[in-house]
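Please open the model in your viewer with the cartoon and the side chains available, and keep the sequence panel beside it. The stops below say what to select next and what is to be found there.

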Amino acid sequence: AAMAARCRLAARFHHIHGTNIRLDASHTQATRVESFANGLCFSQEPLAPGQIFLVEIEEKELGWCGHLRVGLTAHDPQSLEVVPEYSLPDLVNMGDTWVFAITRNHNRVVVEGEEVQARGRPWEPFLLIERVRIPRDTLVGRSRPSRYSHILDDLYKMNVLPATARRSRIGVLYAPQPDGTADMHIVINGEDMGPSARGLPTTRPLYAVIDVFASTKSVRVIPVDYGFPSLQTLCRLVIQKHIVHRLAIDGLDLPPLLKNFCQHE
């Protein structure tokens, strides 16, 4: 309950940000209004251990190479004399910052000699990272059904989108380790990419870094509740698991609101 309350409170962008960023009135949407750089954003508050900062890609911009960049920093945004133009390499070169570019493929990082753990099934209700259980349903981005929905049916049935697609959801968190440090994890559409950085200090506040870079034009913070999934959510997961393709939902004998929830959320 305490984690859920904290996450709701912190699910906003910091008022300190790059010069090309415009925040909406709620500080939950960040849009780069021009150029391809100066799009750095930070979480409003430092993250708690295991707390995910999750954003959804709302708008893309053609003509640029590169995508969203995500990570953590031990620098308080308020202490920055000038917000760097880029997270990579500018902010990272300041030290105590760990940022990775999100690519079209998943950014799974494997340490040499370490076995890759099997991924959980996409319909399992929770994503388990270390000792943290996060409701998977909120973490997963979904495309909207349309005239050409059959093109993405296989992706839809697996409850995933390409990492850099519109409506893809990407989050970052840190998990404390027995030696007093922490591992940084990036989560893409409900899949944990594994530790992408190790040895982060847990004695300093760690803020999420979201760089709205190049072809990513606008993102929105998605609040995450760390409670049990609702009956409605569980129903949706079962329905999506068994349908032939998403347009088949229209033919099911279900209440209209539940059909809409299964198709569009």
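Select strand 2 (residues 29-32) together with strand 13, and you will see two strands that pair in the antiparallel sense over 3 bridges; strands here are DSSP runs of E of at least two residues, numbered from the N terminus, and two strands pair if DSSP finds at least two bridges between them. Within this pairing, Gln 29 stands opposite Arg 220 in strand 13. Before going on, please note that this is a predicted model, in which local features need pLDDT of at least 70 and side-chain atom pairs count only at pLDDT 80 or more, while totals for chains, interfaces and linings use all residues. Residues are numbered from 1 along each chain as its sequence is written, and side-chain values use heavy atoms, with hydrogens and water left out.

**The seven-stranded sheet**

Now widen the selection to the sheet that holds both strands, an open, antiparallel arrangement of 7 strands in the order 1-2-13-4-9-10-11. At its edges stand strand 1 (21-23) and strand 11, and because each has a single partner strand, one side of each is left without a neighbour in the sheet. Neighbouring strands of this sheet are turned by 25 degrees against each other on average, direction ignored, where the axes are lines fitted to C-alpha atoms and angles between N-to-C directions run from 0 to 180 degrees.

Next, select strand 4, whose antiparallel pairing with strand 13 extends over 5 bridges, and whose antiparallel pairing with strand 9 is made by 4 bridges. Which residues are the bridge partners of Glu 56 in strand 13 and in strand 9? In strand 13 the partner is Arg 220, and in strand 9 the partner is Arg 169.

At the edge strand 11, select Glu 191, which counts as buried because its relative accessibility is 9%; buried means under 20% relative accessible area, exposed over 50%, and partly exposed in between, with a 1.4 Å probe and protein chains only. If you draw a distance from the C-alpha atom of Glu 191 to that of Gly 171, which is 20 residues apart from it along the chain, the viewer should give 9.9 Å.

**Thr 216**

Return to strand 13 and select Thr 216, which lies in this strand of residues 216-221. Is Thr 216 buried or exposed? Thr 216 counts as buried, because its relative accessibility is 0%. A polar atom of its side chain lies 3.2 Å from the backbone nitrogen of Leu 68. Leaving aside residues up to four places away in sequence, Thr 216 touches Arg 32, Ile 57, Glu 59, Lys 60, His 67 and Leu 68, a contact being heavy atoms within 4.5 Å.

**The four-stranded sheet**

Select now the other open sheet on this tour, in which 4 strands pair in an antiparallel manner in the order 3-12-5-6. Its edge strands are strand 3 (40-42) and strand 6, each of which pairs on one side only, and neighbouring strands are turned by 20 degrees against each other on average, direction ignored. Strand 5 and strand 12 run antiparallel and are joined by 5 bridges, with Tyr 207 of strand 12 as the bridge partner of Thr 73.

Keep Thr 73 displayed and add Thr 97, which is in strand 6 (residues 97-101). The side chains of these two threonines make a polar contact at 2.8 Å; such a contact is a pair of N or O atoms within 3.5 Å, where within protein one must be able to donate a hydrogen and the other to accept it, and residues adjacent in sequence count only if both atoms are side-chain atoms. Thr 97 is buried, because its relative accessible area is 6%.

**The nonpolar cores**

Finally, select Phe 13, Phe 53, Ile 210 and Val 219, which have the most contacts inside the largest nonpolar core, a set of 32 residues; a nonpolar core consists of buried Ala, Val, Leu, Ile, Met, Phe, Trp, Tyr and Cys residues joined through side-chain atoms within 4.5 Å. Among the elements that give two or more residues to this core are strand 4 (53-60), strand 9 (169-176) and strand 12 (207-211), while strand 10 gives the most, with 4 residues. Apart from this core lies another of 12 residues, among them Leu 54, Ile 134, Leu 173 and Tyr 226.
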